[in-house]
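Trainee: Could you take me through one part of this model closely? I would like to look at the place where the two chains meet, and at the empty spaces around it.

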Amino acid sequence: MSEFQESNQKRWSHLRKVLERPGPFSHPEFEPSSEILDFIMSSCKLLVIGAGGLGCELLKDLALLGFKNIHVIDMDTIDLSNLNRQFLFRHKDIGSSKAEIAASFINKKIPGCQVIPHFSKIQDFDENFYRQFHIIVCGLDSIVARRWINGMLVSMLNYDDGVLDQQSVIPMVDGGTEGFKGNARVILPGMSACVECTLDLYPPQVNYPLCTIANTPRLPEHCIEYVKLILWPQENPFNVPLDGDDTQHIAWIYEKSMERSLQFNIPGITYRLVQGVVKHIIPAVASTNAVIAGICATEVFKIATSCCVPMNNYMVFNDVDGIYTYTYEAEKKEDCLVCSQTPQILEIKDPNKMKLRQLLELLAESAAYQMKTPGLTTVIDGRNKTLYMATIKSIEERTRDNLNKSLVELGLRDGQDILVADVTSPTTLIIKLKYVIDDVEMK
Amino acid sequence: MMSSPIPKSPEQSDKSKKYDRQIRLWGDHGQKLLENSKVCLINATALGTEILKSLVLPGIGSFTIVDGEKVTEEDIGSNFFLDSDSIGMSRAQVATQCLLELNPDVRGDYIDESPEHIMSHTQDFFNKFTVVVATALPEKTLLPLSRYLWDSKVPLIVCRSIGFLGYIRLQVKEHTVIKSHPDSENPDLRLLSPWPALKEYLDSINVEALDKKSRAHVPSIVILYYYLNKYKELHGGNIPSSRAEKEELRKLIRDSRFHDEHGPKLLEENFEEALHYVNNCLNPISIPQNVQKILDDDCCTNLTQSSSPFWTMCAALREFVQLEGALPLRGALPDMAADTDSYVTLQRLYHSRAQAQSEAVYRRAAQIARNLGVAQETVTESEVKSFCKHASELHVIRGSCIADEYQRTSLDLSSYLEDPDSLMFYYVILRGLERFISEFNTYPGQFDDQVEPDVLKLKSIIGKLLAEWGCCHVVSDERVHEVCRYGGAELHSVSAILGGCAAHEVIKLVTQQYKPLDNAFFFDAITSTSAAFCL
């Protein structure tokens, strides 16, 4: 059966009404015709990142919107605790690749659909892989991964004399959920706000001060963190790194946390709390995933067909109290670290006092950067110099002494370009140091 | 000191592991209520099965599908829970089988009969459900069903998904919520009127006499209380209420910082916390309006033998409030920078006070139950404890009956229809659509060659409806045209959005947690916007 006939089938008459009839609210360039469904079915190529709570829903939604060429990437395997919402998986699938099981389920259920699974990390692919897709949809629970793919899509943009080549833009539709809250957004890299433009929307992770954990615990969480951060490395009970999925490990942490909480008279340790703290568990339900994935899939459909104007560009959802949504235009940041095409300027008040360690802390803690383990290099007198790199042991040892040197001691000058590499970005970012003289001091 | 035995770590059951991510939200109690629920779905449309999917996965007790239709080719194109080789088979049966695969803990059955048939033969069939959900149900069946369920006090959720438009209407006669899970709440600290044990503890600490080390570890509420008393001494016993007065109290706290030869030192973290608490923790005790309204409700003041435990507890709470002038203490102490002993001591003070107060409310509730001549066990101590803890977030919804809504002769939508940003025009369109379906037995625009004529017909129906309501506004032709463009098409992703929303409303009703929709919701997938209205 040819693709043309397939799109003519009665089965798709729902889609055909929307795609083959004119509508007063469609995109100005929308021309209703049967070719649109043909395009969706035979040419349009989608990438779904994540085959978890959102990913399972996305694959189902997109397949029933007529998309047939879909790739899906997920590095995870199926766990029992996924089954309350990741509806393409069954008990017998526990331990198997999420991407593979999800793809084969969809392909079996929806005749003609060809989902291609990749049991890998997004970082395993380069731009040649990503370039083949018309639209990329993300259903991720990791901010780092979101930032990485966002950085990848921005790095693939072509500019001609500063003018963006529209052909190089791959739209990204991104969804996220936590409990009964969620958000969905449409990103046109280089054109609308990207993930980095709105980085301050992600709340910083809760970290308890080490002195509280060690000396003055008050909450059950403090006791658990103590066992996890201090006791585990000390006692090394199983001679392996802590694995949150190993029930023996969790049981050990539970028992030791309970001991510590009794010692300090702190109530409230439960097995579930221990698991939650150790694994940073984010609560999740089927319904929120269905809503957010449905919104994302609808946007993909609009972008691919022009049958409506895509959402502009950010929506939040919450159904704790009634059902609430709010849609607004997140603004592109003029000096966005990733998509602005303008050099990043980092103002330094006192380069004589500021140590490299403080610069690294700034990159990790400031809402605008939120980096994980930044590695810094620069060029001094025409020669590359690695200032610090934590991720490679030999280099870390060689550059560790630099941490306590001031920027001036390291030979960094006003206007110096620092090249920053971090897991949050596929490319190296350039930050320009700007030494500002405090004129209050001058008086 | 006696050494405590090392507790054995509990082995989690497979079930609690499977449902872990949701039990973290609604707790074991919510999960149990969910597992005891029976949900009826009328019409296994794509929207219908999407709703059930998000209920079967978290583990409702059972579902029953009522649907007399046979699976069509169009159904296969939009409904995930039908098999592509099931065309011509009972839609209720196929959907039931596909949905049951999702979760072996859930039971499911089906009735291969039209809802009209069941309504006219065995109405009381619908009585046995915790919630009834209906999709794509025509007016002529919807209205008697709505009336019947209203009288039987079974909640009904009605949904439609058509093109880029979605609609949810929730009908519930009375629904009471103890845990509404508010996003944020001011801590309940009672610093203006501490009970004797708390007062004794707070009075025992002279913040200004503390050395540097102890000062950094004294809990912020001790600091706040200390400087509050100082403020009161300076102001004839008055407490700070205006912004300027509160700023003055903050200044007292700020001025306490240590100085050295370079000037004032940085204020400690716990003192910063105390500054922060000035704003929202020194308000005079009052009963929140929403709670007072519940305590004054007829159901609370006129209990009968058939009153629910909720209202019995409210009556007990009412007596407590009349005596104490305040709600029971919540008993939770927010985290604050402090040494372990001070924090734990304070925490115990709050906890035991809350415990004593909830026991007092429980004794009253038990007494009330005895006086009514109902079994004392209707309210349990643990229920009352949770009730007291959440006393400030109690919530009651009294909805409206859909059949009454349709009978209303005057409906003033003018203020909404004048507002270009309001989605209320969708209500008019949907009512027009429903009437079109009853009159012509088809969706407007269902057939390609009938779109334009159907636009005219629908416009005329909508004009008549607006005239019936005495509403002099019009709905734009473009909107009417757009809904005829859909021709009854069901876009799967729109149904998935609505399905998730409707499923969570069912979960709210069943678990008696969170605030349900009150009572109508429109979703416009063209602009990805939504609005809720009370009809």
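**Where the two chains meet**

Mentor: Happy to! Across the interface of chain B and chain A, the rule finds nine salt bridges. Please keep in mind that this is a predicted model, and that side-chain atom pairs count only at pLDDT 80 or more. For context, a search of the whole structure, over all chains, gives 50 salt bridges.

One of the bridges between the chains joins the side chains of A:Lys109 and B:Asp83, with 3.1 Å from N to O. Hold on to A:Lys109, since this residue will come back when we turn to the cavities.

Now the extent of the contact. Chain B brings 95 residues to the contact and chain A brings 89 residues. Together the two chains bury about 7600 Å², and carbon and sulfur atoms account for 60% of that area. On the side of chain B, B:Arg21, B:Phe80 and B:Arg485 supply 12% of the area buried against chain A, which is more than any other three residues supply.

B:Phe80 leads us straight to a piece of enclosed space. The second largest cavity has a volume of about 60 Å³. Residues of both chains line this cavity: A:Arg11, A:Leu64, A:Lys109, A:Ile110 and A:Pro111, along with B:Ile76, B:Asn79, B:Phe80, B:Leu82 and B:Ser84. So A:Lys109, B:Phe80 and their companions share one lining. By class, that lining has six nonpolar, two polar and two charged residues.

**An open pocket with both chains in its lining**

The second largest pocket is the next stop, with a volume of about 1200 Å³. Its lining counts 41 residues, and the closest to its centre are B:Glu69, B:Arg91, B:Tyr443, B:Gln446 and B:Gly488. Chain A takes part through helix H2 (13–20), which is among the elements that give two or more residues to the lining. From chain B, the elements that do so are helix H3 (46–56), helix H4 (73–78), helix H6 (115–121), strand S5 (156–162) and helix H20 (425–440). H2(A) gives the most, with five residues.

The make-up of this pocket lining is ten nonpolar, 16 polar and 15 charged residues. In terms of domains, domain 1 (10–173 + 490–525) and domain 4 (402–486) of chain B each give at least three residues to the lining of the pocket.

**A cavity lined by chain B**

Those two domains come up again at the largest cavity, where domain 1 and domain 4 of chain B each contribute at least three residues to the lining. The structure holds four cavities of 30 Å³ or more, and the largest has a volume of about 100 Å³. Its lining consists of B:Leu142, B:Val158, B:Tyr167, B:Arg169, B:Ile402, B:Glu405, B:Tyr406, B:Tyr427, B:Leu430, B:Arg431 and B:Glu434. Strand S6 (165–171), helix H18 (402–407) and H20 of chain B each supply at least two of these residues. H20(B) has the largest share, at four residues. You met H20 of chain B before, as one of the elements of the pocket lining. The classes in the cavity lining are seven nonpolar, no polar and four charged residues.

**A contact inside chain B, and a bridge inside chain A**

For comparison, here is a contact between two domains. The domain assignment of chain B also gives domain 2 (196–280) and domain 3 (289–397). Their centres, taken over C-alpha atoms, are separated by 32 Å. In this contact, 13 residues of domain 2 of chain B meet twelve residues of domain 3 of chain B. The area buried between domain 2 and domain 3 is about 1000 Å², with 73% from carbon and sulfur atoms. Across this interface the rule finds zero salt bridges.

Finally, a bridge within chain A: the side chains of A:Asp174 and A:Arg146 meet in a salt bridge at 2.9 Å, N to O. Because A:Asp174 lies in strand S7 (residues 172–178) and A:Arg146 in helix H7 (residues 143–155) of chain A, the pair ties together parts that are 28 residues apart in sequence.

Conventions: Residues are numbered from 1 along each chain as its sequence is written. Chains are lettered from A and ligands numbered from 1 in the order in which they are written. This is a predicted model: local features need pLDDT of at least 70, side-chain atom pairs count only at pLDDT 80 or more; totals for chains, interfaces and linings use all residues. Side-chain values use heavy atoms; hydrogens and water are left out. On a 1 Å grid over the protein atoms alone, a cavity is a set of points where a 1.4 Å probe fits but cannot get out, and a pocket is an open set with protein on both sides within 12 Å along at least five of seven lines; lining residues have an atom within 4 Å of a point. Grid points are joined across faces, edges and corners, and a volume is the space filled by probe spheres set on the points. Ala, Val, Leu, Ile, Met, Phe, Trp, Tyr, Cys and Pro count as nonpolar, Asp, Glu, Lys and Arg as charged, and the others, Gly among them, as polar. Domain bounds come from an automatic or database domain assignment. Contact means heavy atoms within 4.5 Å. Buried area is the accessible area (1.4 Å probe) that two parts lose on being put together, summed over both. A salt bridge is a side-chain nitrogen of Lys or Arg within 4 Å of a carboxyl oxygen of Asp or Glu.
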